[in-house]
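Please work through the exercises below with the sequence and the coordinates at hand. Each task is followed by a solution in steps.

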Amino acid sequence: MGHNEPVVSAEWLHANLGDPDVKVLDASWYMPHEQRNPLQEYQVAHIPNALFFDIDGISDQTSDLPHMLPTEEAFTAAVSALGIHNKDSIIVYDGKGMFSAARVWWMFRVFGHDKVWVLDGGLPEWRASGFDVESSASSDAILKAHAANEAVKKVYHGQLVNPLTFEAKFQPHLVWTLEQIKQNMDAQTHQHVDARSKARFDGAAPEPRPGIRSGHIPKSKCIPFPQMLDGSQKLLPVDGLRKRFEQEGISLDRPVVASCGTGVTACILVLGLHRIGKPDVSVYDGSWTEWATREPCCDS
């Protein structure tokens, strides 16, 4: 696993699955309109020994925006409840191949844990490689998933959570706020890239969440996240990724901030940029959902 390499292959994971310091997380999450239950799907089939990481549950309990980053204390408590330690190498995957796993990869990096990788091609690639999955109706992992969510709630209610096996260290430069996005519109210190579809970006297609207008943040550019991937939902090689960004006029020598609908698929752009040697790309966590509900309509 190279320094710039943010993904591992199914073969690598299969060979290292027995290592007690390798922890596997199923971070499957789906858009609301898909009406899929990731925890139920996890119980039906997951990579052996994988734990379930609930993106909606391990989130800021005070925000009216979906699955915003939790506090450092809440993340520490949740990850500890999953039985993860700072010494562990973490491999994250999802049920689509490459969709929500990058969000959890980014979350760990935001909280100071760099020993984290995404399974290239996710669960579909694992199965296509002929490797076994397991099911669990009431396993220890289900209890841990619930315990992680409960730990987050306790922290937000001011209650102590013990024991702690993981220490998070917040890296503020990896997360942008609405205020920073507004300042950047004038300062233009960072190139702003939006991972949503071109139709949503252009305002030609509705947003998937009711009540959210379509369009885009002024001075941002659109690189839909599927452009980072090949036909089997694996991250493109370095040359292919470079080409995608350069085609949209993104200079790889200048800083970048990424956004999307609610801060999930923006992390796929960050994953791609990490592979081509830009490890410190920020994500605007509130993304378009926050902008569209907080800012007056002034898209350009």
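The exercises concern a predicted model and treat its aromatic pairs, its charges over rings and one of its strands.

**Exercise 1.** Classify the ring pair of Phe75 and Phe108, and state which parts of the chain the pair ties together.

*Solution.*
1. A pair of aromatic rings is described by the distance of the centres and the angle of the planes.
2. For Phe75 and Phe108 the centres are 5.0 Å apart and the planes stand at 75°, so the pair is edge-to-face; the cut-off for that class is over 60 degrees.
3. Phe75 belongs to helix 3 (residues 72-81) and Phe108 to helix 4 (residues 101-110), so the contact ties together parts 33 residues apart in sequence.
4. Phe75 has a relative accessible area of 0% and is buried; Phe108, at 0% relative accessibility, also counts as buried.
5. Both residues belong to a cluster linked by ring pairs, together with Phe53, Phe111, Phe166 and Phe170. The structure holds 11 aromatic pairs.

**Exercise 2.** Determine the class of the pair formed by Trp126 and Phe131, and decide whether each residue is buried or exposed.

*Solution.*
1. The distance is 4.9 Å centre to centre and the angle between the planes is 50°, and the pair is tilted.
2. Buried means under 20% relative accessible area.
3. Trp126, at 1% relative accessibility, therefore counts as buried.
4. Phe131, with a relative accessible area of 18%, is buried as well.

**Exercise 3.** Identify the ring over whose face Arg36 lies, and do likewise for Lys96.

*Solution.*
1. Arg36 lies over the face of Tyr30, at 3.9 Å from the ring centre.
2. Lys96 lies over the face of Phe99, and here the distance from the ring centre is 4.3 Å.

**Exercise 4.** Describe the surroundings of strand 4 (residues 89-93): its burial, its partners and the path of the chain that follows.

*Solution.*
1. Five of the five residues of strand 4 are buried.
2. In a regular strand the side chains alternate between the two faces of the sheet.
3. In strand 4, Ser89, Ile91 and Tyr93 lie on one side and Ile90 and Val92 on the other, and both faces are covered.
4. Strand 2 (residues 22-26) runs parallel to strand 4 and is joined to it by five bridges; Asp26 stands opposite Tyr93.
5. Strand 5 (residues 116-119) pairs with strand 4 in the parallel sense over three bridges, with Val92 opposite Val118.
6. From strand 4 the chain passes through helix 4 to strand 5, a β-α-β crossover that is right-handed.

Methods: Residues numbered from 1 in each chain as written. Predicted model: local features only at pLDDT ≥ 70, side-chain atom pairs only at ≥ 80, totals over all residues. Heavy atoms only, no water. Phe/Tyr/Trp six-rings, centres within 6.5 Å; stacked < 30°, edge-to-face > 60°. Helix = DSSP H or I, 4+ residues; strand = E, 2+ residues; numbered from the N terminus. Buried < 20%, exposed > 50% of the residue type's maximum accessible area, 1.4 Å probe, protein only. Lys NZ or Arg CZ within 6 Å of the ring centre and 35° of its normal. Pairing = 2+ DSSP bridges. Right-handed = clockwise from strand over helix to strand, strands pointing away.
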